[in-house]
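Q: Could you take me through this structure and explain how each description of it is justified?

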Amino acid sequence: MIVARKFAWVVVVAVCAASLAANWLAPTGYAKQFRDAPSATPSAQHLLGTDELGRDRFARVLYGTRISLLLAPAAALVSTLLAALVGGLAGYLGGIWLRLARGFTDLFLSLPWLFLLITVRALLPLNVSPLVSVVITFFILGLLGWAASARVLSTSADALRNSDFVLQARASGLHGPRLFLVHVLPNLKPVLYAQFWISIPVFILSEANLGILGLGVAEPLPSWGSLLRELEGLISFREEPWRLVPLLLLIVVLTSFQLLLSNEEVTA
Amino acid sequence: MIGRRGCLRLALFLCLAVLCVCGSTLAQSGGELRFCLHSEPKTFDPLLVDDDSSLAVRYLTAGVLIRSNRRTQALEPELAESWKVAKDGKQITFKLRHGITFSDGSPFSSEDVAFTIQRLMDPALHSPTGDAFRSGSGAVSTKIIAPDQISIVFPAAVAGLDRLFDQVAIMSAHSPKKTAAVLGPFMVAEYKAGSTVLLRRNPNYWKKDSQGHRLPYLDSIRLDIQPNRDVEMLRFKRGELDLINVMDSEYFDRLAASSPGLAHDAGASLDSEFMWFNQVANAPIPEYKRAWFRSTNFRRAISQAINRADMSRVVFNGHAQPAVGPVSPANKFWFNSKLQAEPYRPVSALKLLQSDGFHQQSGFLYDKSGNAVEFSIVTNAGNKPRERMAVMVQEDLADLGIKVNVVTLDFPSLIERISQKFNYEAAMLGFRNIDLDPNGQMNIWLSSAENHAWNPQQKSPETAWEAEIDRLMRAQASTADEKKRKESFDRVQEIVADQVPFIYLVNVNALSAVSNAVQGANPVILAPQTFWNAERLTLNATVQASR
């Protein structure tokens, strides 16, 4: 397990370093269109070939990794914090608060997300730069993605509320926020971590889906989501295996993140 | 004695005779043709058809008085033996064929034509097909001269009147089966919602081939309702489908690579892709941007700075042609052959911009007031070729120092922005043209029209050139003289090329696929591309045996 975790660290650090060094590793940039070589196979000039518009796929993978690795965890953090606030507190308080919170999360989960997102996108100004658009996209995802995690957290917090050690703490005179912060929240940490890591790939894939609806990352900026969209309609992987690189990278990075979690976090 | 040469001649004659007999047997051999509709047909009432799937069913089942030949684009007599349009364009007289019966056996006569026209023009029916005939206020009258002769009189001249009858399915006035009684080669036998429409051959179809065999050759056509193009392609490759009527370039190239004989590129279609700038007077955009968009030089410069050849080659893999204007060169009669597609001329574009006071500084373009030139192009999300075209425009204009933001929106939001709130700067869309006649574009070119996209519903034309287009479009619509109509519409095309209210980008090619099992297919650019001659299509014996 220690070897696996070390390996995971190496992978994560290497991917982060490569994405940060994208300007140096892929000086052509992610937007330059080599129109004489659209959908080109890998070569010395284009290590992963080019996309349908002749843009260097290697550069787009590096820049896309930078964006997704930065913004998907940020969105996951926003959603996990909201989930902790709503679910954790409701579970800890119990009674009517718990029922209210569960009703609210159920209502939120039953909302037609896509229509909500489409409405939000339609209201946004048109002249925003691609970078601002990607930040908005992930922020919206973070704001809307807390409900499922809150459901899990409220159940865990409810179980903790009735546990022996919390009863003992109460008997010892500990109440209110202090009891929550000192005894409940630290015990929710593994669940919070798990929800955080689970949310990251969910947000990356959501962003890919949103691209089809127009809420994804604006062109020409790449993201893992937009790179995964390239796999749409791909019938044979054997003919163009290099197009799978973004997918493999996503799997490797997310597996590495999972390996970095401690045992108890994984169990949670 | 028959000599050696005589023997050879006799053998050759016998072989030919056997081949002819085999050929005719094969042609008569029936079978079931299969292909996909991409959506549910909304109606089986031929006068209410307004969607592609219903159009396909109507084409295969309906009998019409006049048919526009999809290959030659010429009009051909069908149920009408002959016809005559009055000089004033208000009246058309048909001489009908004898001895024709509907699929249920009821006889066809001028009463059926009169019934169809009255129903078609009934305002309560709201027939989209009927709208094309509404040329002025007043009722349309029909006059039955004889059982095989009828005259239809319109309150005002209808331009291209005879061609419009290609869309009018003649219905029975007396049959209890109503819309189910048809005069076309096939009739609807079964409909399973969300799954299949099964058409069977009309045993009473009037048309015969040159050898006197009754058409159609096929026994049935099965139309599977399948919106997913990937599934359609896989089923075609597996031999479960015989035709793919319309394909995009990506699928086409994939098929052409694996089975070159099955993929058909019929050349540039009537469809065009284009972009335009918002010129609406009260649109919620900055005043300086409205001034750019209303400048002819600005629009011309943008048009010249776009590399259409690259667009055709990169986005459509060469299966598109740089567009010239509102009429595709594929429209043989109405295209103004004096015009050419705008070539890629970035240097000339910059000069035009400079003549309007624009200047470059540190790689960016500024107007004479110092505003950086930046605008957004909205287009519908999910349309990959269109998204790619927008990104290519973004890169081309970046070379001039113009910053373009590409925004993809869901279709309802896009339509709301471009036609109701006018809250956009530039838009990119496509025009799917199924009508060869310019009258089909009246709702685009008249300044008062709703679809006058760059500045719709004007109370009076805001520019002299729009007033001139209004005049020319009305002039061509009010005469039956084809030559005069052509002159007027040629001039419209010239004004559009000069003023660039729409920046036409490409005409996409008509791409389709036909399996080896189908004989007699000859894909064309006009819809329905692959099955326009369905009555003469046959399937080879092996396929029939396997089904």
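The turns below set computed values beside the definitions they rest on.

Q: What makes this a model to be read with confidence limits?
A: This is a predicted model, in which local features need pLDDT of at least 70 and side-chain atom pairs count only at pLDDT 80 or more, while totals for chains, interfaces and linings use all residues. Residues are numbered from 1 along each chain as its sequence is written, and chains are lettered from A and ligands numbered from 1 in the order in which they are written.

Q: How many helices and strands are there in chain B?
A: Chain B holds 17 helices and 21 strands, where helices (H or I, at least four residues) and strands (E, at least two) are DSSP runs numbered from the N terminus.

Q: Why does the radius of gyration of chain B agree with that of a compact globule?
A: The radius, taken over C-alpha atoms, is set against a rule of 2.2 Å times the number of residues to the power 0.38; for 547 residues this gives a value near 24 Å, and because chain B has 26 Å, the two agree. The C-alpha trace of chain B spans about 95 × 60 × 55 Å along its principal axes.

Q: Which residues of α15(B) are called buried?
A: A residue is buried if 20 or more other C-beta atoms lie within 10 Å of its own, exposed if 12 or fewer, and partly exposed in between, with C-beta atoms placed from the backbone. In α15(B), B:E466, B:I469, B:D470, B:L472, B:M473, B:Q476 and B:A477 are buried, and in chain B as a whole 46% of the 547 residues count as buried.

Q: What is the span of helix α15 of chain B, set against the expected one?
A: The expected span is 1.5 Å times one less than the number of residues; α15 (residues 464-477) has 14 residues and reaches 20 Å from its first C-alpha to its last, close to the 20 Å expected.

Q: What makes β4-β5-β7-β6 of chain B an open sheet, and which strands are its edges?
A: Two strands pair if DSSP finds at least two bridges between them, and these four strands, with antiparallel pairing, form an open sheet in that order. The edge strands are β4 (80-85) and β6 (141-146) of chain B, since each pairs on one side only.

Q: How do you know that β5(B) pairs with β4(B) and with β7(B)?
A: Five bridges join β4(B) to β5 (residues 91-96) of chain B, running antiparallel, and β5(B) also pairs with β7(B) in the antiparallel sense over five bridges. B:W83 stands opposite B:F94, and B:V85 opposite B:I92, whereas B:Q91 stands opposite B:V153 in β7(B). The hairpin of β4(B) and β5(B) has five residues between the strands, and B:G89 in the turn has a positive phi of about 75 degrees.

Q: What makes the two faces of β5(B) unlike in burial?
A: The side chains alternate: B:I92, B:F94 and B:L96 point to one face and are buried, while B:Q91, B:T93 and B:K95 point to the other and are not.

Q: How many residues of chains A and B are in contact?
A: Contact is counted when C-beta atoms, placed from the backbone, lie within 7 Å, and 20 residues of chain A are in contact with 24 residues of chain B.

Methods:
Two residues are in contact if their C-beta atoms, placed from the backbone, lie within 7 Å.
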